Amino acid sequence: MQYFLQTAWQNLKQKPLLNTSFVLTVGLTLAVLICVITLAYNVILKPLPYPDQSSLYKIEQQQIKQNGAIDNSAFTYPGVLDVYNNQSEFGVAALNYYDEAIISSLPNQPKVFVSYVTPQWFDLLGWKMHLGSPLSLINDTTALDQQLPQAVISYQFWQQHFAANTDVIGKTLTVGGSHFSVSGVLDEFAHEPQMHRPSQTREVWLPFSYNPRKDQTQSWAGISPMIAMLAKLNTNIDPAQLALKLAQRANQLWLPQVTERAFLKGWQLNMQVTPLHTVILGDSKTILQVLIAASVGLLLIALTNVANLLLAKYQLQSHTIAIHHVVGAKTQHIYMRNLVDIVTLLIIASCLALVFAQLALMLIKAQFGEFLPRVNELALGWVSYFTVVLFVVFAGAILAKVSTPHLNYGQLQSQLSGSGKGQSSQINNVKRQVFIVLQITFASVLMFASTLVINDALKKVNQPLGFAVADRYSLSVEAVGAQPISREQSKEFVQATVNALSSLAGVEAVSRARSPFAHHWGWPINDVKRQERYTSFINLADEHSFSLLDLPLLSGRNFNHQELIDGDSGIVINQSFAHYLSPEGNAVGTRITPTQREFTVIGVVADKHLPNIDGERFVMYQASNPGALNFLIKTKAGQTNTEQTITRQQLLSVLNNIDSRLAISEFISLEQQHAQQLSHSKLALYGAISTAVSALFIAAIGLYGVLSISLQIRLTEIATRMAIGAKPYQVVLLMLFDHAKYLLFGFVSAFTIVLAIVFTKIGIFNLTTASLANPLSAALGGFTLLVITLLTFMTIVLVMQKYVTKPVNQLLTGAQ
C-alpha cells in the first residue's frame with residue numbers, strides 16, 4: 001500500500017494539467033451534489049426540531065362551493081374558537097394569528113412580523129427561552145380572556161432593538177394602542193414552523209386575545225386566513241376520523257348562521273388534519289426534483305470528463321504498464337495502482353467540494369429562505385459527509401474499473417520490445433469515444449433545458465407592467481394611539497397628509513390609493529342581474545391615481561372630486577373585465593349587481609401585467625375611501641439634490657406635525673416592490689444561467705484535458721503529415737472533421753433524452769410537448785448545438801495550436 005501511495009503522489013506531480021482538470025471538474029460538481037443532497041435531507045427526511053413532532057398536525061378549515069371546488073382554506077373566527085375550546089376531545093391545540101404591526105414605543109417605530117398566540121404554542125414547539133419566560137395566564141386554563149398583556153421577542157429583535165441588554169425583561173412594547181410587558185427573549189436557535197409564509201420570520205409574540213379580529217366572535221360569514229391552528233393529537237386519535245368529526249360539527253354550527261347569504265347557498269365546510277411535516281414541505285418537492293436533475297446531469301458530465309482523462313492518462317502510461325506486467329504485475333495490481341491514484345485525486349476534490357458547498361449553503365441561507373422551507377436549519381452534517389464518502393468509494397471503484405480491464409497485455413509486450421517507438425496506442429479507443437459522446441450529450445441536454453428556463457424567466461422579468469414605477473412610492477399610514485380615531489378625524493388626517501406631502505420639495509403628485517402591487521381583495525361576485533358568477537379584484541383610486549401611474553384611460557371618464565366625497569357607485573374597470581362584460585361593444589354604462597347595491601362602469605383603463613400572475617385578472621377600481629390612509633407619491637424625475645429625496649424620517653416628521661398618533665405602516669418605492677415580486681423569476685433565471693455556465697465550464701475543462709492528451713497520442717500522425725507537406729490549417733481541419741462524428745452522435749443522443757423526458761411526462765426543466773412544439777424551442781435547440789459545436793471546435797483549435805506552430809523535427813522528437 002505504501003508503494004501505491006508513493007506512486008499516486010508522484011503521478012500528482014507529473015501531470016499537473018490533467019490532475020487540475022480532474023480536481024476542478026469533480027470538486028465543482030460534487031459541491032453541487034452535496035448542496036442538493038443536504039437540502040433534500042433537510043427538507044424531506046430530517047425530523048422536525050420539535051418534541052413529539054410525529055404527533056403534530058395542522059388543523060385547517062375549507063369552504064367548499066356548490067360544484068365541489070375548494071373556494072378557500074381558512075377558518076371563520078367563531079369556528080376556530082369552537083375547535084380550540086373543545087381541544088380536550090382530541091389533544092392539545094394552539095392558535096396563531098399572523099400579522100404585521102408597528103411597535104410605536106420604539107424610537108424608529110419599526111413595522112415587524114408578529115404572532116398573536118395562545119400559551120400552548122410555546123409548549124407544543126418545545127421552545128426554550130434565552131431570557132425570561134414565555135407568555136403566561138392568570139390561571140392555569142385555556143380561556144383566552146385569562147392571558148396577561150405580555151410579549152416574547154426573538155433573539156434577533158432583542159439584539160437589534162435592545163442592543164442585547166439583559167434588562168429588557170419588563171420593558172414595554174406598544175402595539176396598536178395596547179401595552180405589553182416583555183416577559184422573555186426566545187432562544188437564538190428556536191426554529192419557527194413555516195405554516196404561513198416562509199420568508200416572514202416572526203419577531204414578536206403577543207397574546208392571542210389581543211389580535212385585531214378579537215371582536216368578530218359572531219362573524220360566521222367572513223373568514224380569517226391569517227389564523228393557523230397547531231395541534232398535538234392523542235395517540236388514540238385517527239387524523240382522518242378527527243377531520244370528519246370536526247367537519248360535521250363545523251357545518252352544524254356554520255350552516256344555520258349563513259342561510260340568509262345567497263352567495264353561500266349550497267356551500268359546506270370541510271376540515272383537513274395534515275401532519276406538520278407535510279405542511280412545511282409544501283410543493284418544495286418540485287423545486288428539489290429540478291435541482292436533483294440538474295446536479296445529477298452535471299455529475300454525469302463530470303464523471304464522463306474524468307473517465308476520458310483517465311483513459312487518456314493511462315494510455316500515455318502504456319509503456320510503464322507494460323514494464324510492470326513483464327516483471328510480474330497482475331491485472332489486480334494494475335487495478336489497485338489505478339484505484340489509489342484515482343482515490344487520492346477524489347479525496348483532494350472532495351475537500352475542495354466541501355469548501356464550495358459550505359459557501360453555497362451560506363448563500364442559500366442568506367438569500368433563498370423565501371423559496372424553500374427550513375433553510376435556516378441548513379448546515380453541513382453527517383448526510384453531507386456520508387455523501388462524500390459514498391461518492392469517493394463508488395466513483396473510485398467505477399473509474400478504476402473503467403480504466404483498467406481494457407489493456408491488451410500481448411500488444412503492450414510487443415510495444416515494450418520495440419522500445420515504444422512508432423507504436424500505435426495499445427488502449428482501445430472505443431470507450432474513450434463513447435465517453436466523449438456522453439459528455440457532449442449531457443452538456444447539450446442541460447444547455448437546452450437551461451435555455452428554455454432562461455427564456456421563460458426572461459419573459460417574466462422583462463414583461464412590461466403597463467404602468468410606470470420610476471420615481472413612484474407607496475405610503476401606508478395607520479393610527480397607533482390607545483384611542484381610536486373617528487371617521488371624521490380620519491378624513492381630516494387624509495386631507496392634511498395630502499396637503500403636507502404635496503408641499504414637500506421634489507414631490508410632483510400625490511394620490512389616495514394603494515400600491516398597484518398590493519394584494520387586493522378578490523370579490524366573488526354573484527351578479528344577480530346578469531345571472532353570472534365571477535371574481536373581481538378590488539382596488540381604490542382617486543382622480544389622480546391613473547395619471548400618476550401613467551395607466552392609460554381607454555374609454556369613459558375618470559372619477560371626479562364629488563364622487564370621491566359621496567362614495568358614488570361608479571366604478572372603473574380594466575380592459576380584460578370590460579371585454580368579458582361587453583365582448584363586442586363598449587362596457588361603459590354596464591351595470592353590475594353583486595348584491596343589492598348596483599355599480600355602473602364609468603371608465604375602462606388598460607390592464608396591469610403583474611409578475612407571478614397567470615392570465616389577466618378582472619380588476620374593479622372604486623372611489624377611494626375619504627378616510628383611507630393610503631397614498632401614492634410621484635417625485636420629480638431626475639432629481640440630484642439629496643435634500644429633495646423623500647426619507648422615512650422626513651415623512652415621520654410630517655405625520656407627527658399632523659397628529660402624534662399617526663405612524664408609517666409602509667413606505668417603499670414601486671421599483672423596489674417590482675423587484676421583490678420578480679424574485680422568484682430571477683431565482684429561476686440565475687439558477688438556469690448557473691446550470692448552463694457550469695455545464696459549459698465543466699465540459700470545457702473536460703474537453704480540453706481529454707483532447708489535449710488524445711491529440712498528444714496522435715502526435716506521431718500529426719508530425720508525419722506535416723513532414724510530408726501538410727499545411728497547419730489542413731491538419732487542424734482534419735482533426736475537426738475527425739471529431740465531428742462525436743458531435744453528431746452526442747446531439748442525436750441529447751435529442752433522444754429530451755424526447756424521453758417529454759413523452760414520459762417527467763416535467764422537469766419545463767420540458768413538455770407544448771414547449772417542444774414551440775418554434776422558439778427549435779431556435780433555442782439550434783443555439784445549443786451552435787454553442788456546443790463552437791466549444792468543441794475551439795478546444796481542438798486551442799490544443800492543436802501548440803503543435804502546428806512547432807518545427808516538424810521537434811514534433812517528431814516529441815512523438816517518440
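Author: Let's start with a definition: a residue is buried if its relative accessible area is under 20%, exposed if it is over 50%, and partly exposed in between, using a 1.4 Å probe and protein chains only. You are looking at a predicted model, in which local features need pLDDT of at least 70, side-chain atom pairs count only at pLDDT 80 or more, and totals for chains, interfaces and linings use all residues. Residues are numbered from 1 along each chain as its sequence is written, and side-chain values use heavy atoms, with hydrogens and water left out.

Reader: Is Q672 buried, exposed or partly exposed?

Author: Q672 is partly exposed, because its relative accessible area is 42%. This residue is found in helix α19 (residues 670-677). Helices (H or I, at least four residues) and strands (E, at least two) are DSSP runs, numbered from the N terminus.

Reader: How far apart in space are the C-alpha atoms of Q672 and Y473?

Author: They are separated by 9.2 Å, with their positions 199 residues apart along the chain. Two other pairs can be read in this way. Y155 and L131 are 24 residues apart in sequence, and their C-alpha atoms are 9.3 Å apart. Y155 is found in helix α5 and counts as buried because its relative accessibility is 15%. For Y210 and V175, the separation is 35 residues in sequence and 9.7 Å from C-alpha to C-alpha. Y210 is found in the loop between β9 and β10, and at 27% relative accessibility it counts as partly exposed.

Reader: Which residues of helix α18 are buried?

Author: In α18 (residues 648-658), L651, L652, V654 and L655 are buried. To see how such residues are arranged, take the directions from the helix axis to the C-beta atoms; the arc is the arc of those directions. Here the buried residues cover an arc of only 160 degrees around the axis, so they are on the same side of α18. Exposed residues Q649 and N657 are carried on the face turned away from that buried side.

Reader: And which residues are buried in helix α21?

Author: In α21 (residues 715-723) they are L715, I718, A719 and M722. Seen down the axis of α21, these buried residues fall within an arc of 95 degrees, so they line one face of the helix. Just after α21, G725 takes a positive phi of about 115 degrees.

Reader: Where is A163, a residue other than glycine with a positive phi?

Author: A163 is found in the loop between α5 (155-162) and β7 (172-175). Its phi is near 50 degrees, and at 66% relative accessibility it counts as exposed. A164 lies in the loop between α5 and β7, and has a positive phi of about 60 degrees although it is not a glycine. At 26% relative accessibility, A164 counts as partly exposed.

Reader: How many aromatic pairs are there?

Author: First, the rule: rings of Phe, Tyr and Trp (its six-membered ring) pair if their centres lie within 6.5 Å; planes under 30 degrees apart count as stacked, over 60 as edge-to-face and the rest as tilted. By this rule the count is 14. One of them is stacked, because the rings of Y77 and F208 have centres 6.3 Å apart and planes at 5 degrees. This pair links distant parts of the chain, 131 residues apart: Y77 is in helix α3 (residues 77-85), and F208 is in the loop between β9 (204-207) and β10 (227-233). Y77 counts as buried at 3% relative accessibility, and F208 counts as buried at 0%. Ring pairs also link Y41, W382 and F386 into a cluster.

Reader: What sits over the ring of Y742?

Author: The charged end of K741, 4.9 Å from the ring's centre. A charge sits over a ring if NZ of Lys or CZ of Arg is within 6 Å of the ring centre and within 35 degrees of the ring normal.

Reader: How many cavities of 30 Å³ or more are found in the whole structure?

Author: Here is the general idea. Rolling a probe the size of a water molecule over the atoms shows where empty space is left. On a 1 Å grid over the protein atoms alone, a cavity is a set of points where a 1.4 Å probe fits but cannot get out, and lining residues have an atom within 4 Å of a point. Grid points are joined across faces, edges and corners, and a volume is the space filled by probe spheres set on the points. The search finds six cavities of 30 Å³ or more. The largest cavity holds about 70 Å³ of space. It is lined by 13 residues, and those closest to its centre are R514, N539, L540, L549 and Y621. Two elements, β15 (532-541) and α15 (545-548), give two or more residues to this lining; β15 has the largest share, three residues.

Conventions. On a 1 Å grid over the protein atoms alone, a cavity is a set of points where a 1.4 Å probe fits but cannot get out, and a pocket is an open set with protein on both sides within 12 Å along at least five of seven lines; lining residues have an atom within 4 Å of a point.
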